[in-house]
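User: I want to learn how to read internal cavities and the overall fold in a model. Can you take me through one case?

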Amino acid sequence: MPTITQGDLFTATLEVLDHPPLGVPALDAGSREAVVRLAGAKSLVRILDGGEGHDLDLALPGGYRNREGKLRLTAHRLTKDVFAIEAGERRIALLRLRDRAVGLPDFDPEGNHHPALRPTRPLRLRRGRTLGRASLWETLRLGVEVALPIIAQGAVLRRPLGVRLAALTRADQRANRLLARLRDRHDGGPLLVRIPLRGWAVIPLSEADVRRTLHGAEFTPANKEKQGALGHFQLDALLVTRDPELRAQRRAFNEEVLRPDMIADAVRAKVADEVATLPTRGVITWPEFHTAQRRIARRVVLGDAARDDEQLTRLLDRLRGDANWSYFAARRTDVRVAFQRRLEAHLRRAEQGSLARVLAQTRADPAVHPEGQAPHWLFAYDAAGVAAWRALALLSAREEPRDADRLRAAMRESLRRWPTTPAILRDTTAPTTWRGVTVPAGSMVAVVTSFMDEVPFSDGPARCPGEGLVMLTATHVLDEILREREVRMVGRPPLLDHFRLRFAVRPRER
């Protein structure tokens with residue numbers, strides 16, 4: 001079989017984003033023209049710098065390490081025509097394909113020693129393997145490199161040790177590299193995986209397949225594993241409702257109650273009160289911030305009288321810890337009943353300026369079970385706190401105006417880089433066909449959010465109804481912290497590990 005020494009050439013634009021000097025001339029000199037070679041399952045980006053020896057060859061998927069070994073550049077395909085180039089965890093450039101290159105010289109593998117330019121053989125599947133279906137070896141790697149880190153960190157309640165190990169081993173980057181290789185190997189995906197005792201699972205690897213999953217009527221957000229997990233503490237929540245009519249009613253109720261304008265002024269005042277309890281000089285740690293964040297959540301959802309009800313949160317945490325094991329963990333009925341009693345006592349007060357008051361004033365069919373929606377609001381605010389803490393690390397890197405747009409952008413970038421939901425799960429409600437294979441109703445579809453990074457609040461009919469309120473609260477928290485303090489991150493901990501993030505603060509000069 002003849003080898004491939006050249007592929008299709010495309011002209012492209014390299015859009016270099018703001019970043020500190022890298023010591024890589026092709027990326028430090030600003031935006032420029034580029035040539036891209038696409039050869040079967042392999043891609044090579046050659047960034048033309050014009051200087052002798054300063055061209056940069058970058059294999060996709062894969063990476064480039066400079067001679068000193070101190071910098072690793074990685075790249076992955078965002079869409080059909082757009083590639084992202086990252087240095088560590090920071091996105092530094094976007095490469096946009098334009099047109100097929102005409103009249104450009106072919107790459108010469110004899111004169112360039114980059115591995116991606118050496119002759120390569122066309123993709124040939126091993127005997128017994130079908131394009132689009134994961135082999136046994138690929139399934140094992142997906143289990144070890146994608147599923148296991150998610151389970152170890154805790155999908156519902158984060159485990160400090162699991163998060164730390166995932167950060168130290170760069171679990172997200174390893175998973176994304178594997179998924180990028182599988183996407184190229186299987187001609188763009190999606191990938192069909194056989195899971196013992198579960199049947200088919202589908203992993204979308206392209207934007208089109210993700211859109212189909214999130215918008216399609218044949219997919220339900222009330223996935224079996226999600227029901228098993230969230231059923232430990234929120235039996236009647238929107239996310240685990242399978243009946244389409246009841247789900248529509250519960251969604252309409254959540255959208256009405258969670259409108260940011262309903263309690264916007266009260267949220268701002270509650271946030272200001274609690275952020276004022278944080279140090280203005282010295283160091284702010286995660287436990288200090290988390291305690292304040294949880295007081296904010298209890299006050300916003302249940303009212304000021306719930307501010308110091310830490311027992312309510314401890315009961316919820318015990319249930320969330322069990323939820324990490326989904327339906328493999330026994331239900332603690334006694335703990336759930338104790339949690340519900342304390343929760344309902346707060347809801348009955350319907351305190352002014354809280355979601356409990358809005359809930360009490362919003363008409364709903366009894367089948368909606370309005371009180372059953374509140375556990376998820378408390379749970380969701382915990383994830384918002386994690387995202388805000390990481391966003392503070394991004395904002396502390398440079399001193400810029402603290403306008404609302406910039407704070408929201410920092411929150412969205414935090415969620416894009418380090419999603420608080422590791423995977424968006426759906427189940428098929430009818431037989432669906434992927435790559436010529438029809439999978440039965442009830443099959444799982446899993447969108448790995450670190451790989452498809454434009455879905456921080458999900459999308460489609462199941463998009464988070466509380467997105468606006470979460471963003472309002474989080475931006476107020478960031479604004480109040482930065483209003484009175486100059487903030488600097490202590491050390492350089494992996495930002496995925498929010499437990500170890502600390503910030504040195506001092507009063508802001510006026």
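Analyst: We start with the ground rules, then the chain, the cavities and a hairpin.

Analyst: This is a predicted model: local features need pLDDT of at least 70, side-chain atom pairs count only at pLDDT 80 or more, and totals for chains, interfaces and linings use all residues. Residues are numbered from 1 along each chain as its sequence is written, and side-chain values use heavy atoms, with hydrogens and water left out.

User: How many helices and strands does the chain have?

Analyst: Helices (H or I, at least four residues) and strands (E, at least two) are DSSP runs, numbered from the N terminus. Here there are 15 helices and 18 strands.

User: What share of the residues counts as buried?

Analyst: Buried means under 20% relative accessible area, with a 1.4 Å probe and protein chains only. Of the 510 residues, 52% meet that. For contacts (heavy atoms within 4.5 Å), take pairs at least 6 apart in sequence: 67% join residues at least 24 apart.

User: How many cavities of 30 Å³ or more are there?

Analyst: A cavity is a set of points on a 1 Å grid, over the protein atoms alone, where a 1.4 Å probe fits but cannot get out; lining residues have an atom within 4 Å of a point. Points are joined across faces, edges and corners, and the volume is the space filled by probe spheres set on them. The search of the whole structure finds six. The largest has a volume of about 220 Å³. Its lining has 20 residues, and Ile150, Gln153, Asp172, Pro419 and Pro422 are the closest to its centre.

User: Which helix gives the most to that lining?

Analyst: α2 does, with five residues. α2 (136-153), α4 (171-185) and α13 (374-395) each supply at least two. By type, count Ala, Val, Leu, Ile, Met, Phe, Trp, Tyr, Cys and Pro as nonpolar, Asp, Glu, Lys and Arg as charged, and the others, Gly among them, as polar. The split is twelve nonpolar, four polar and four charged.

User: What lines the second largest cavity?

Analyst: That cavity holds about 110 Å³. Its lining includes Arg294, Arg298, Asp317, Arg320 and Asp382. α10 (310-323) is among the helices that supply at least two residues, and α10 has the largest share, five. The lining divides into five nonpolar, two polar and five charged.

User: Which residue takes a positive phi in the hairpin of β9 and β10?

Analyst: Strands pair if DSSP finds at least two bridges between them. β9 (residues 191-195) and β10 (residues 199-203) run antiparallel, joined by five bridges. Arg194 stands opposite Trp200. Three residues lie between the strands, and Leu197 has the positive phi, near 70°.

Methods
On a 1 Å grid over the protein atoms alone, a cavity is a set of points where a 1.4 Å probe fits but cannot get out, and a pocket is an open set with protein on both sides within 12 Å along at least five of seven lines; lining residues have an atom within 4 Å of a point. Buried means under 20% relative accessible area, exposed over 50%, partly exposed in between (1.4 Å probe, protein chains only).
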